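Hello,

Here is the structure I said I would pass on. My notes come after it.

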Amino acid sequence: MSFAISILEQGLIYGILALGVYITYKILDFPDLTVDGSFPLGAAITAMLITKGVSPYLTIPISFAIGVVAGICTGVIHVKLKVRDLLSGIIMMTALWTINLYIAGTANVPLFAQKTIFSLASENTLFAKMGTYITVVISLVVVVICKILLDLYLKTKSGFLLRAVGDNDVLVTSLAKDQGNIKILGLALSNGLVALAGCIFCQEERVFEISMGTGTIVIGLASVIIGTSLFKKASFMKATTAVIIGSIIYKLCVAVAIRNFSPQAMKLITAVLFLIVLIISGRKKTKANGMKA
Amino acid sequence: MKKKLLCGILSVGMVMTLLVGCSSKKDDTGSKEKEYKIGITQFAEHGSLDNCREGFLKGLKEEGIEEGKNLKVEYKNSAADMSLSGQIADDLVNSKVDLICAIATPSAQTAYNAAMKTDIPVVYTAVTDPVAAALAKDDGTSVGNVTGTSDKLPIKEQLEMMHEILPKAKNIGIMYTTSEANSVSAIKEYKKYAKEMDLNIVEAGIAQTSDISLACDGLLTKVDCLTNLTDNTVVSSLPTILDKANKKNIPVFGSEIEQVKIGCLAAEGLEYTDLGIQTGKMAAKILKGEAKASEMKFETITKPGFYGNTEVAKNLGITLPENLTKNAVDMFDKIEASK
Amino acid sequence: MIELQNIEKYYNPGTVNEMGLFHDFNFTVNDGDFVSVIGSNGSGKTSMLNLICGSIPLDSGKIIINGKDISKMKEYKRYYKIGRVYQNPSMGTCPTMTILENMSLADNKGKIYGLSKGSDKKRVTFYREQLSRLGLGLEDKMDNLVGQLSGGQRQAMALLMSTMTPIEFLILDEHTAALDPKTADIIMELTDEIVREKNLTTIMVTHNLRYAVDYGNRLVMMHEGKAIMDKNEQEKKETSIDDILDRFNQISIEVGN
């Protein structure tokens, strides 16, 4: 059981990240590399605030907000300064490395002695009964709230416009709306969620480490692609649910690789498992290419 | 439909391998001698860290706990990936090992975090500053069921040694990676002791390997000699630095044996294998029940040793003082190609 | 009223590929006009539409709508008054959204896209009515994704969507060219109906000479950035497709093909 629990913990926390990446990659069709910087950004601000004695609960909205700012920066670089999408992400990712160092103060901030949302919850009698399940339960609550809010948002008028801009930006312009601003909005929301994931991850691992963002985009993309392609035909399931499950499956792949193979082979095995999942789900590029014509 | 079926089989298969993986490792508790099972989580693939691991197993062996006989080792490496490091730590905890050996700071932190909920002790090594990493209190006592060894550099001794070899050198250059917490704290310490000895530390911070060449050129115009930390990024580019420094006839000091082997003039430094052995012995005590991790202070290398390279000295036209060489742990008379 | 005054437009200026398209080009569309624009490829028809909408920048000259100079106005702002249907049916709809969601999106044009519910239940009946006009049965598929519809169905929706809110000008950019003849006829008929009903000032670029002659009250033929033929309602009635074809051939001979 405990194997399943730790996979769920990690999968759920990275599920928040997957929701963020889903917005940019699937909805906006924007390969956003900012996440490699905004994930540790959320962690850095969380570690800094918690060591300063700020309530761990408060770090959640603050991380989200600062992630939003990072996303806006990427958006402005791309939309207003007309830098290509990949490049604007790389620029922000690079800049955030230093910003994260400044925020956290050093490259490694441990939080063993401090309170986190998880340790606070275990003091609460309601949660305390859950024992080892506590981390999983809290992660689940956070990711489900994020998912529901995102689902609701995507059903609003503003959400409609966001979905439209990735699909067909010409239409958005025809609706007398500046598509650039909508893209910035999407990047802001996405990076807000990613930073929030960083915040929760940092509290769960009880440490901020500057290098913790490396490869975040790979995990995020893998989760989104696994999730959306595995459950493509399952119309009862929302894409937002699918990407969270995708994240859990990704972590399962990694766990299987850790468990059964030598350390050197780890990454290769993960890659192969990832590939197998994709082949089985028969991934095809579904988007109509004609739209860009 | 076929695909869905395949997909289902795959998922079930994955879960099965997980479960089988754990059930098959149940050891036979019926045997006479107790068999120990430990997990090793190492942060990255790296020469010094590998030496630590080998030393650790050697240390255990010296205390009668030998791999293949009465010891089972699960070794995991997280390839410098934090999220992987966390998952590995969880995995080791779930495998119910008797002890986790964590090599390097991030691994030590994730291992301690994962083991906190259980009674599995964590023994770390190659953590430069256990206090800053929140693994030990200011007085060196443990914060929990965790202890280990620090690879903190003998900075004061290093500066004294450098002063003895090059009495006229005033400006000492150090290159380090700004993202490595260990390097940052080492720089602080260098500055502190340098001030006491009326020396001047010229630092050059880099972000990644590609910055090294430029930073090195800049630094070499301002200094009388260079010294190294155990900074991962800088050390892996040491050949480049040595090459540039040699062209300007500027001596480069190292911080451990490997660096002296490949062309640093001298080092008052660490032998990571020894550090590992020391850690292994601590772990043995814990495994045998002779001591508790929570009651053990973290240790540093008992005494630093002098390492020198006479070929480098000859090339630079420097003679290494005899009172250093006669007590040297190891002297090299040629420059080895770097690994 | 749309006025284009002294328009200059060069492509790839300063390079060997420099190509002058418009040189001192003047063109006026009066309120209530339905102008059919024809011409060979590269004659400047679509470029003219793009200049009016702001999709491509102007080198010099003025574009005036209802007496107001909009030459510097951003593209998206111009669409407050303009509706546009493209040749490619995918350009006017969102494939990953449902018919209902697409209609709601278009229905909100000109208003704030805030955090209120995306589709208003009260408007569903209205959307059904609108869709039923198309006679394509779309009103019963409100929850289907638009990406699953055929090109003709999408183009019909695009036309509905672009004219749903109060606009003054309708820009039709070869909007029947990608459709099969039968669907094209239906769309063209519908276009005419909507234009009359809403009294829209319309510019329609088309390659279909029959439509150009049958619909609208003014006919313009463009060639090398100039309007070489401009017939008003009366003259147009007396013009046959053959007359236009003759003129076309004439141009082709001048160009040398």
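The notes below cover the chain contacts, one strand and one helix.

Please keep in mind that this is a predicted model.

Chains: two pairs of chains are in contact, and of these, chains A and B share the most contacts. Chain B and chain C are joined by no contact; their closest C-alpha atoms lie 22 Å apart.

Strand S5 of chain B (residues 146-150): five of its five residues are buried, so S5(B) is largely enclosed by the rest of the structure. S5(B) has parallel pairings with two strands of chain B, namely S4 (residues 122-125), through three bridges, and S11 (residues 299-300), through two bridges. On the S4(B) side, B:Val123 has B:Thr147 as its bridge partner. On the S11(B) side, B:Ser150 is partnered with B:Thr300.

Helix H9 of chain B (residues 238-247): the buried residues here are B:Leu238, B:Ile241, B:Leu242 and B:Ala245. These four sit on the same side of H9(B), because the arc they cover around the axis is only 100 degrees. The spacing fits the usual geometry: an α-helix has 3.6 residues a turn, so residues three or four places apart point the same way. B:Pro239, B:Asp243 and B:Lys247, on the other side of H9(B), are exposed.

What do the buried residues of H9(B) pack against? Their partners in chain B are helices H7 (212-220), H8 (232-236) and H10 (257-261), together with strands S8 (225-227) and S9 (252-253). Just after H9(B), the backbone at B:Asn249 has a positive phi of about 60 degrees.

Regards

Terms used
Residues numbered from 1 in each chain as written. Chains lettered and ligands numbered in written order. Predicted model: local features only at pLDDT ≥ 70, side-chain atom pairs only at ≥ 80, totals over all residues. Buried ≥ 20, exposed ≤ 12 C-beta atoms within 10 Å, placed from the backbone. Arc of directions from axis to C-beta. Contact = placed C-beta atoms within 7 Å. Pairing = 2+ DSSP bridges.
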